[in-house]
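Reader: I am new to this structure and would like to understand the terms used to describe it. Could you take me through them with care?

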Amino acid sequence: MSEKPSDTEILEGLAEIVEEVAGVATEDVTAEKSFVDDLDIDSLSMVEIAVQAEDKFGVKIPDDELANLKTVGDAVKYISTNA
Amino acid sequence: MSNVDVVITGLGATTPLGGDVTTTWEALLAGKNGIRVNDKEWVERYDLPAKLAAPLLVDPTDVLPRVQARRLDRCEQIAIIAAREAWADAGFELPRDEEAPVDPERLGVVIGTGIGGPVTLLDQHELLQRDGLRKVSPLTVPMLMPNGPAAHVGIELRARAGVHTPASACASGAEALATAYQMIQNGRADVVVAGGAEACIHPITVAGFAQSRTLSTRNDEPERASRPFDTDRDGFVLGEGAGVVILETAEHAAARGARVYGRLSGYGMTSDAFHITGNHPEGVGQIKAITNAVRMAGLSPTDVTHVNAHATSTVVGDIGEAAAIRKALGDHVVLTAPKSALGHLVGGAGAVESIITLLSIYYGVIPATRNLENIDPRVGLDVVVGEPRKVELTAAINDSFGFGGHNVALAFTAA
């Protein structure tokens, strides 16, 4: 993306990725949701989501950072800060 | 003789003739053909001499939810589809929350495959080479591993008594049923979900089989290409498919009032120790497998009146099997060769053909062998041709043999 995306745009983009990879309806992907506990996403799917998010938002998400992204909101904040 | 009475209470399959057991069985009785011209562009790109295949009639990605399908190799997809059908056919609900219809500690899974997920392996290798590490799926290993189909079925149906994967090439599906039978006889399980699956139609497998000169090249006549026991046979047609059955102790089945298709009463499993692909000239391993199955079932050779033959339509294999059957059982048995319609489902073959054998016993009808116009005089046995044959069966054998010299015979008897 040429311009830095807004948090809303990041959330929408993440929701599309989560829907594609894990089949969670986009409207269920909201900031307070935990990837593991609320959205039932396993560690393998998290890797796929991270790779797709890197491509979509032009960020790097190293494994030690990925481990800290517990909620959708955590991911939005990380991408917003690092994009 | 075995001490536990083992019955079959559920059947599931997806094959080149149909997306389920009923469609497959009815197509087989109607004499339909599952073999097609392989229209993939790579057939011409590599100038493959064998231009035929027996693809699934119903694509598994049209059956499974999208997200589940993308996490599974095609071989895993079809094992799950066949297992769900068999499970429901046996009258079980899927496990949910705390409720499981079969005690998980007493439920096993045995699903064999010849090769597992080579298409995933090759696709992911291509991604690695082209786009680098990041594009390799984290699901690569669970998708390509040959125990993947069995493991996924075990998770879905909640089986904790053991999940196993026999790999004996084209005998894998039959070996799975024999292994399941052992699990029950050994007291490890009351119910076992058993079968085989294969989905490996890919340029490298077709090229490899073609180079071993085992595939039919009757490219202009797909419907006539697979012709077991016929004088003009020239090899098998590679197919894809899965079959799964529910094996259960008769006691467990009776306690819940389950419908019983028939019994698995014995098996024989031997090995040739001769050649990696070739048949033993005297067929001693095949004869012994059949003989052992009959003996374990407490039968005499004259009790067995039908053999669902392995008969792949190769020049050497079909004749060797016919000779082994004559020696093991006598010349009274009636044969059929379902690969004439289904093609060769490799690791799925023994399981799908076991289902056909069981249905022949259950309904008292043997499907005809397609394309048997001039029987090879060396067969020396009655092979059903033309119309299906109505005949009451009390005991039948299903033969399955695999590259490596694996010989499996299963003895099924009427309920």
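Author: Let us begin with a definition: an angle between axes that is under 35 degrees counts as roughly parallel, one over 145 as roughly antiparallel, one from 65 to 115 as roughly perpendicular, and the rest as oblique. Please keep in mind throughout that this is a predicted model.

Reader: Why are H4(B) and H7(B) called oblique to each other?

Author: The axes of helix H4 (residues 74-89) of chain B and helix H7 (residues 148-157) of chain B come within 9 Å and cross at roughly 40°. That angle falls in none of the ranges for parallel, antiparallel or perpendicular axes, and H4(B) and H7(B) are therefore oblique to each other. The crossing in which H4(B) passes H7(B) is right-handed.

Reader: Which residues make the contact between H4(B) and H7(B)?

Author: On the side of H4(B) they are Cys75(B), Glu76(B), Ala79(B), Ile80(B), Ala83(B), Arg84(B) and Trp87(B), while H7(B) contributes Gly148(B), Pro149(B), His152(B), Val153(B), Glu156(B) and Leu157(B). Sorted by character, the residues of this contact comprise 8 nonpolar, 2 polar and 3 charged.

Reader: What makes the pair of Phe209(B) and Phe236(B) edge-to-face?

Author: A search of the whole structure finds 7 aromatic pairs over all chains. For Phe209(B) and Phe236(B), the ring centres are 5.3 Å apart and the planes stand at 80°; since rings pair when their centres lie within 6.5 Å, and planes over 60 degrees apart count as edge-to-face, the pair is edge-to-face.

Reader: What parts of chain B does this pair tie together?

Author: Phe209(B) lies in helix H9 (residues 203-211) of chain B, and Phe236(B) lies in the loop between H9 and strand S7 (241-249) of chain B, so the pair ties together parts that are 27 residues apart in sequence.

Reader: How do you know whether Phe209(B) is buried or exposed?

Author: Buried means under 20% relative accessible area, and Phe209(B), at 15% relative accessibility, therefore counts as buried. Phe236(B), with a relative accessible area of 6%, is buried by that rule as well.

Reader: Why is Thr394(B) called partly exposed?

Author: Exposed means over 50% and buried under 20%, with partly exposed in between, so Thr394(B), at 48% relative accessibility, counts as partly exposed. Thr394(B) is found in the loop between strand S13 (389-390) and strand S14 (395-402) of chain B. Leaving aside neighbours within four places in sequence, Thr394(B) is in contact with Asp303(B), Phe412(B), Thr413(B) and Ala414(B).

Key: Residues are numbered from 1 along each chain as its sequence is written. Chains are lettered from A and ligands numbered from 1 in the order in which they are written. This is a predicted model: local features need pLDDT of at least 70, side-chain atom pairs count only at pLDDT 80 or more; totals for chains, interfaces and linings use all residues. Side-chain values use heavy atoms; hydrogens and water are left out. Axes are lines fitted to C-alpha atoms, for helices over the stretch in contact, and angles run from 0 to 180 degrees between N-to-C directions. Helices (H or I, at least four residues) and strands (E, at least two) are DSSP runs, numbered from the N terminus. A crossing is left-handed if the near helix is turned anticlockwise from the far one by less than a right angle, and right-handed if clockwise. Contact means heavy atoms within 4.5 Å. Ala, Val, Leu, Ile, Met, Phe, Trp, Tyr, Cys and Pro count as nonpolar, Asp, Glu, Lys and Arg as charged, and the others, Gly among them, as polar. Rings of Phe, Tyr and Trp (its six-membered ring) pair if their centres lie within 6.5 Å; planes under 30 degrees apart count as stacked, over 60 as edge-to-face and the rest as tilted. Buried means under 20% relative accessible area, exposed over 50%, partly exposed in between (1.4 Å probe, protein chains only).
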